[in-house]
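Visitor: I've got a chain on my screen and would like a walk through it. Could you show it and take my questions?

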Amino acid sequence: MSTTAPGSLFLAEDPRALVAWGTTDYYIGRAHLVPRGRAAGLCSMPVDEHWRHRPPGHRPCPECAITWVNELFPLPSSAARLDQSA
Ligand SMILES: [Zn+2]
């Protein structure tokens with residue numbers, strides 16, 4: 001069952017199933033988050049190799065990470081502070 005709006009990156013319960021990791025010789029040492037079926041990371045960097053898990057020795061691409069967090073935590077229609085009593 002989908003928990004997000006149509007057209008969202010996430011259509012499954014576990015969003016990790018929708019992305020792989022990608023690397024390129026152009027940006028050595030960075031691992032990009034690549035939506036399944038695409039040839040470029042969330043940052044738009046084309047990747048040469050795809051990996052199921054983040055490859056050892058590679059740090060996550062900051063631009064992919066920011067985009068991923070924004071997808072996981074979309075802006076709500078209204079924000080409620082946790083430190084306010086109900
Ligand atoms: Zn990236």
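Guide: Let's start with a term: two strands pair if DSSP finds at least two bridges between them. Helices (H or I, at least four residues) and strands (E, at least two) are themselves DSSP runs, numbered from the N terminus. Keep in mind that this is a predicted model, where local features need pLDDT of at least 70, side-chain atom pairs count only at pLDDT 80 or more, and totals for chains, interfaces and linings use all residues. Residues are numbered from 1 along each chain as its sequence is written.

Visitor: How many bridges join strand 1 to strand 3?

Guide: Strands of a sheet pair through backbone hydrogen bonds, either parallel or antiparallel. Strand 1 (residues 19-23) and strand 3 run antiparallel. Across this pair, Trp21 stands opposite Trp51. The number of bridges joining the two strands is 3.

Visitor: Which strands stand at the edges of the sheet?

Guide: The sheet is open and has 4 strands, with mixed pairing and the order 3-1-2-4. Each edge strand has a single partner, so one side of it is left without a neighbour in the sheet. Those edge strands are strand 3 and strand 4 (59-60).

Visitor: Is Arg59 buried or exposed?

Guide: Arg59 has its place in strand 4. A residue is buried if 20 or more other C-beta atoms, placed from the backbone, lie within 10 Å of its own, exposed if 12 or fewer, and partly exposed in between. Arg59 has 10 other C-beta atoms within 10 Å, so it is exposed.

Visitor: Which elements give two or more residues to the largest nonpolar core?

Guide: A nonpolar core is a set of buried Ala, Val, Leu, Ile, Met, Phe, Trp, Tyr and Cys residues joined through C-beta atoms within 7 Å. The largest one here has 10 residues in all, including Val19, Trp21, Leu33 and Cys64. The elements giving two or more residues to this core are strand 1 and strand 2.

Visitor: What phi does Ser44 have?

Guide: Ser44 is found in the loop between strand 2 (30-35) and strand 3 (49-51). Most residues other than glycine have a negative phi. Ser44 is not a glycine, yet its phi is positive, at about 80°.

Visitor: What pattern does the chain follow along the sequence?

Guide: The chain holds 1 helix and 4 strands. Read along the sequence, they give the pattern β-β-β-β-α.
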